[in-house]
Structures are given as C-alpha cells and as structure tokens.
Amino acid sequence: MKFHKFISVMLHPIVIPTIGITLYFILIQNSFSRNQKFAVLGLIFITTYIVPLLILILFRRFKLIKSFKAESIKERKVPVAMMIVLFYLLGNTLYGIENLKDLGMLFYATSLGLVSIYILFAFKIKTSIHLISIGITVGFFYVLSFIYQQNLIAVIVCGLLLSGMLASARLHLKAHTQKEVYLGFVLGFLAPSIVFYFL
C-alpha cells in the first residue's frame, strides 16, 4: 500500500509538468541560457504546482471538497474547470514566445485533455487525472520525436513503464476503475498529436 501511495504522490498531476519540461530542456536542442531555462521552469512550477495546490487548500478550507483527493465528480468539476482556463492561458503565453511554441502546444494539449475529462463528467465517468497527465507527457515526447527526427524511444518507453506502474497504483488504491485509468492515458496520449496537427 505504501509503495502505491508513493508512486501516486511522486507522479502526481501537479508534479509531472515540471518533470516533463525539465526533460524537454535536457533532451531537445534549444538556444536558451541556463537563466532563461530556470525562468521558464519557475513560471511552469508556479502555474502548475503552486497555484493548483493553493486552489485545493482554499477549496478544502471553505469545505468545497472533503479532502485534497477531490474524490467525487462533483468535487472535481470546479477545480478542473479552473485548470482548463489556467493551462490554456499558460499555453497562450508560451506559444507567443519564440522557441517556446512546443511548450505552448503542450499546455494547449493539457487544457484539451482536461476538457475531455470535464465532458466525461456528464457521463458519470471520473477519468484518472494522474493517467491523463502522464499520458500527455508520453504523447508529447512521441510527437517531438517526429518533429525533430530525434530518437526519444528511451524516454517514451520509460514513460510507458511509469504509466503502467501508476495505473496499477491507482487501481490498487481503488481510486479508479480500469476503464477510467485506461481512458485517462489514451486521451492524454492523443491530446498532443491533435493539438500539434491543428497548430
């Protein structure tokens, strides 16, 4: 049980964006200085980690959610809607900066993934945000491998292995059904391809 909780925390949706962007700066050739990379990482860390964390704390404080897990669909609706807007605005900001269009499209894809989650709420499906998040990251590097004609197979395979571990953890913790876990990963994986195709 402790191992599954550890995996769920280490690969939490608010952690994965910072990990993904760090890997992007390491693996994809770019002209940014170290200070510029830290500035971008700082922006992303604040927007995707600090802000969502503060939102959850406020929601917990005002009893809009019972716990930080936001287990029910009802509890997830407003936080997910806020994240859709937040990630879309972050995508807009980064897409407008030269050499950061890739990252802009990544956050457009994240926003799209969250929109699909919100739509599925109407069908009483609580898609795994953990899996959609890691699915988006794997899908992002899959798309980059074609754009830059770069061999990123090691990152993609590691991402798939971690996705399997995370899915197993979420199922073991009874946080989701198999359908919700698999659906989350597939929707996440497809989102970057859809965004890159249309942009």
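Which residues does V138 touch, not counting residues up to four places away in sequence? In this predicted model, the answer is I156, G159, L160, S163, F185 and F189. V138 itself sits in helix α6, and because its relative accessibility is 4%, under the 20% limit, V138 counts as buried. A further distance helps to place this residue: the C-alpha atoms of V138 and V157 lie 8.6 Å apart in space, with the two positions 19 residues apart in sequence numbering.

Helix α6 also holds S133. Is S133 buried or exposed? With a relative accessible area of 12%, S133 is buried. Leaving aside neighbours within four places in sequence, S133 is in contact with P13 and I16.

A second serine worth a look is S116, found in helix α5. S116 has a relative accessible area of 17%, and it therefore falls under the 20% limit and is buried. The side chain of S116 reaches back to the backbone oxygen of G113, at 2.5 Å. Once neighbours within four places in sequence are set aside, S116 is in contact with I132 and L187.

Turning to the nonpolar interior, the largest nonpolar core comprises 51 residues, and those with the most contacts inside it are I21, Y24, L103, F107 and F140. Two or more residues of this core come from each of the helices α2 (16-27), α3 (34-61), α4 (73-95), α5 (101-121), α6 (129-147), α7 (153-172) and α8 (178-198). Y24 gives a handy view of the surroundings: beyond residues up to four places away in sequence, Y24 touches N99, D102, L103, F140, F141, L144 and Y148. Two of these partners, L103 and F140, are themselves among the core residues with the most contacts.

The model also contains pockets. Rolling a probe the size of a water molecule over the atoms shows where empty space is left. The second largest pocket has a volume of about 200 Å³. Its lining is made up of 13 residues, and the closest to the pocket centre are I19, L23, T137, G159 and L162. Helices α2, α6 and α7 each supply at least two residues of this lining. What is the character of the residues in the lining of the second largest pocket? They divide into 10 nonpolar and three polar, with no charged residues. One of the residues closest to the pocket centre, G159, is also touched by V138, which brings the description back to the residue that opened this section.

Terms used:
Residues numbered from 1 in each chain as written. Predicted model: local features only at pLDDT ≥ 70, side-chain atom pairs only at ≥ 80, totals over all residues. Heavy atoms only, no water. Core = buried A, V, L, I, M, F, W, Y, C linked by side-chain atoms within 4.5 Å. Buried < 20%, exposed > 50% of the residue type's maximum accessible area, 1.4 Å probe, protein only. Helix = DSSP H or I, 4+ residues; strand = E, 2+ residues; numbered from the N terminus. Contact = heavy atoms within 4.5 Å. Polar contact = N/O pair within 3.5 Å; in protein donor to acceptor, adjacent residues only side chain to side chain. 1 Å grid on protein atoms, 1.4 Å probe; cavity = no way out; pocket = protein on both sides within 12 Å on 5 of 7 lines; lining within 4 Å. Points joined across faces, edges and corners; volume = space filled by probe spheres on them. Nonpolar A, V, L, I, M, F, W, Y, C, P; charged D, E, K, R; others polar.
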